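Visitor: I have a structure to look at and no idea where to begin. Could you walk me through it?

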Amino acid sequence: MADNVHELRPKPADTEKITINLGYVDLGHVDLMVQEGFYSNRTDFIRTAIRNQLERHADVVKQSTVRKNLDLGLRTYSRGDLEAARRAGEMLHINVLGLASIAQDVTPELARATIASVSVLGALHASPAVKAALADRTR
């Protein structure tokens, strides 16, 4: 029965895996906080620490987001979006804080014809061919 199930639209990941290096003493402190029950695991501790720092600097982040004219959150660019831009003679400037996603059916040629620049603070999901085609336009 599982062979009959087909995913119509793949769900984008809502997290990005990162690797950090911690000194042994800092790691020991994290493990102690977990062992004492303050956090469920190391990841919970690290996520909480990051959220606390983001909250602490929320005003600066908000001002920078406005100043740099960034789209906040998830921004998806479909083949239809890019074809409409091409018909209108427009070039897109992708400025995203979060996740920018270029649809898998977008060709490298269409991407180059319609995307003038790409600046993503977070993650960019696109086919390897589209990423390569936009490499010289990506900051």
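Guide: Let's start at the surface. This is a predicted model, and its chain exposes about 10500 Å², with carbon and sulfur atoms supplying 54% of that area.

Visitor: What share of the residues counts as buried?

Guide: For the 139 residues of the chain, the figure is 22%.

Visitor: What about the overall form? Which radius of gyration does the chain have?

Guide: The chain has 20 Å, whereas a compact globule of 139 residues would be near 14 Å. You can also look along the principal axes, where the C-alpha trace spans about 60 × 50 × 20 Å.

Visitor: How many helices and strands should I look for?

Guide: Look for six helices and three strands. Following the sequence, you'd read them off as α-α-α-β-α-β-α-β-α.

Visitor: And how do I read the contacts in the chain?

Guide: Take the contacts between residues at least 6 apart in sequence: 54% of these join residues at least 24 apart.

Visitor: Can we zoom in on one residue? Where is valine 25 found?

Guide: Valine 25 sits in helix 1, which covers residues 24-35. Measuring from C-alpha to C-alpha, valine 25 and tyrosine 39 are separated by 18 Å, and they lie 14 residues apart along the chain.

Visitor: Is valine 25 buried or exposed?

Guide: Exposed counts as over 50% relative accessible area. Valine 25 has 58%, so it is exposed.

Visitor: Last one: how far apart are the mean positions of the positive and negative charges?

Guide: They are 6 Å apart, for 18 positive and 17 negative charges in the chain.

Terms used:
Residues are numbered from 1 along each chain as its sequence is written. This is a predicted model: local features need pLDDT of at least 70, side-chain atom pairs count only at pLDDT 80 or more; totals for chains, interfaces and linings use all residues. Side-chain values use heavy atoms; hydrogens and water are left out. Helices (H or I, at least four residues) and strands (E, at least two) are DSSP runs, numbered from the N terminus. Buried means under 20% relative accessible area, exposed over 50%, partly exposed in between (1.4 Å probe, protein chains only). The radius of gyration is taken over C-alpha atoms; the globule rule is 2.2 Å times the number of residues to the power 0.38. Contact means heavy atoms within 4.5 Å. Accessible areas come from the Shrake-Rupley method with a 1.4 Å probe; for residues, only the protein chains shown count as cover. Lys and Arg count as positive and Asp and Glu as negative; His and the chain ends are not counted. The place of a charge is taken as NZ of Lys, CZ of Arg, CG of Asp or CD of Glu.
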